[in-house]
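User: Please examine the structure shown below and answer a series of questions on its contacts.

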Amino acid sequence: MALIQRNEFGGNDDAEWVERARNGDNTAFEMLYRKHRNRIYGLVWRLCGGDAALAEDLLQEAFVRAWQKLDSFRGESQFGTWLHRLSANVALSDRRIRVRRLERETELEGAAERTATGARDVYAGKRMDLEQAIARLPERARTVLVLFDIEGYRHAEIAELADMAVGSSKAHLHRARKLVREELEK
Amino acid sequence: MTSGINEKELLSRLSELPREVEPEHDVWPQISARINAVAPESLAPQRNRFWIPRAAAAAAVMALAAGWLFFMNDASTPLESPQLADERQLPGRFTLLMKGNEAEYQAAFREFVAIGESREQLEPLIVEQIESSWSDMLRTESELTNALELNPNDPFLNRRMLELRERQLDFLRQIASLERKNRRLTI
């Protein structure tokens, strides 16, 4: 329903919308989408290096996946937390595929990581130095920095999501911060 | 390189970044089309007992959708393998792929209608399964058509529509094959 107003989302009524969506109510699911989409878009937009078109694809994919998996949401955490984690997983899975494909094609692992965000305009109206510096980070360094420093994930959670060791997550974070600082210095 | 910004300052700036970013486009129409295609069982429509009229309606919708897409897109776009083509070229490529399927689809559909007219010769359970499968595809097609009207150049929707048409064609071929087999056994 396109006519749903933002101010209807004032309270923490996710549980009710989730229950209705579980029973097949698309309108309830749209409520959840409209309430959470900017938060999820912010996550996937940064994770994919500021590629707006890819981020919209991922946003779409995340909500479709959420709809399919609603039955597995047991209410042990907030719906927003569950959705956020699921969306990160969707974005990281997609990027893993892209990186692997590029690695096969170019046989240049480093270059593959660096260029995996694609060739589209990655800033589209958001030309901010810090965002640009984050977007230019190598794939895994960016993943860790976005999840740890911006989204507040712990290293153990990042390690699980990004399929890496906890030590690697810490190393990537150190490298990412250093690279961002260098980028901002330029 | 020595940086002019220390780590504490960097962390402070990172923490000030907005977590919410508004997308340029509302992707709800695409999501809606997709979740309707995978709706829970409780949402599935009642099985339609009148499959011939629905099938005829579907043919009209498909013809309209195909015609609309054929005229909308640049048919001179070179045909490339789906894996290699740039996604932004997809609508044109989609058109050509649709055209490739169309004659075959129309022939299969005519046979499908003829089979429907002699449905009494088929097992009731098989008829029910055919109706159910066709009804599901019609529902998906209707949602995709609606979504494409809103977002005609959406690569994902175009891909889904092409895949659906291929599934429909494959389905019609299977029905024709089943009917021929059934006729041989009857004779």
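**Salt bridges and the interface**

A search of the whole structure, a predicted model, finds 20 salt bridges over all chains.

User: How many salt bridges are counted between chain A and chain B?

Analyst: The search over all chains gives 20 salt bridges. One that crosses between chains runs from Glu7(B) in helix α1 of chain B to Arg181(A) in helix α9 of chain A. The count between chain A and chain B is 6.

User: What is the distance between the closest N and O atoms of Glu7(B) and Arg181(A)?

Analyst: Glu7(B) is partly exposed, because its relative accessible area is 30%. Arg181(A) is also partly exposed, at 21%. Side chains of opposite charge can pair when their charged atoms come close. For Glu7(B) and Arg181(A), the closest N and O atoms are apart by 3.6 Å.

User: Which residues are joined into one network by salt bridges that share partners?

Analyst: Arg181(A) and Glu7(B), partly exposed at 21% and 30%, form a salt bridge as a pair. Salt bridges that share partners join a set of residues into one network: Glu30(A), Arg34(A), Arg37(A), Glu22(B) and Asp26(B).

User: What area is buried between chain A and chain B?

Analyst: The contact involves 43 residues of chain A and 37 residues of chain B. Carbon and sulfur atoms give 58% of the buried area. That area is about 3800 Å².

User: Which residues in chain A lose the most area to chain B?

Analyst: On the side of chain A, 43 residues are in contact with chain B. Three residues together account for 17% of what that side buries. They are Glu56(A), Gln60(A) and Arg181(A).

User: Which helix gives the most residues to the side of chain A that touches chain B?

Analyst: The rule finds 17 residue pairs in polar contact across the interface, both at pLDDT 80 or more. On the side of chain A, α2, α3, α6, α7 and α9 each supply at least two residues. The helix that gives the most, with 12 residues, is α2(A).

User: How many charged residues does the side of chain A that touches chain B have?

Analyst: By class, this side has 17 nonpolar residues and 8 polar residues. The number of charged residues is 18.

**Individual residues**

User: Is Gln60(A) buried or exposed?

Analyst: Gln60(A) is found in helix α3 of chain A. Beyond its sequence neighbours up to four places away, Gln60(A) touches Val27(B), Gln30(B), Ile31(B), Arg34(B), Asp154(B) and Phe156(B). Because its relative accessibility is 2%, Gln60(A) counts as buried.

User: With which residues is Leu11(B) in contact, leaving aside its neighbours within four places in sequence?

Analyst: Leu11(B) is found in helix α1 of chain B. Its relative accessibility is 31%, so Leu11(B) counts as partly exposed. With those neighbours left aside, its contacts are Asp149(A) and Arg177(A).

User: How many residues apart are Glu151(A) and Arg39(A)?

Analyst: The side chains of Glu151(A) and Arg39(A) meet in a salt bridge at 2.7 Å, N to O. The pair links distant parts of the chain, with Glu151(A) in the loop between α7 and α8 of chain A and Arg39(A) in helix α2 of chain A. Glu151(A) is buried, because its relative accessible area is 6%. In sequence, the two residues are apart by 112 residues.

User: With which residue does Asp25(A) form a salt bridge?

Analyst: Asp25(A) has a relative accessible area of 21%, so Asp25(A) is partly exposed. Its partner is likewise partly exposed, at 31% relative accessibility. The closest N and O atoms of the pair are 2.9 Å apart, and the partner is Arg20(A).

User: How far apart in space are Pro138(A) and Ala176(A), C-alpha to C-alpha?

Analyst: Pro138(A) is found in the loop between α6 and α7 of chain A. Because its relative accessible area is 8%, Pro138(A) is buried. Pro138(A) and Ala176(A) are 38 residues apart in sequence, and their C-alpha separation is 8.0 Å.

User: What value is phi of Asp163(A) near?

Analyst: Asp163(A) lies in the loop between α8 and α9 of chain A. Asp163(A) is exposed, because its relative accessible area is 59%. Most residues other than glycine have a negative phi. Phi of Asp163(A) is positive, near 55 degrees.

How values were computed. Residues numbered from 1 in each chain as written. Chains lettered and ligands numbered in written order. Predicted model: local features only at pLDDT ≥ 70, side-chain atom pairs only at ≥ 80, totals over all residues. Heavy atoms only, no water. Contact = heavy atoms within 4.5 Å. Buried area = accessible area lost by both parts, 1.4 Å probe. Salt bridge = Lys/Arg side-chain N within 4 Å of Asp/Glu carboxyl O. Polar contact = N/O pair within 3.5 Å; in protein donor to acceptor, adjacent residues only side chain to side chain. Helix = DSSP H or I, 4+ residues; strand = E, 2+ residues; numbered from the N terminus. Nonpolar A, V, L, I, M, F, W, Y, C, P; charged D, E, K, R; others polar. Buried < 20%, exposed > 50% of the residue type's maximum accessible area, 1.4 Å probe, protein only.
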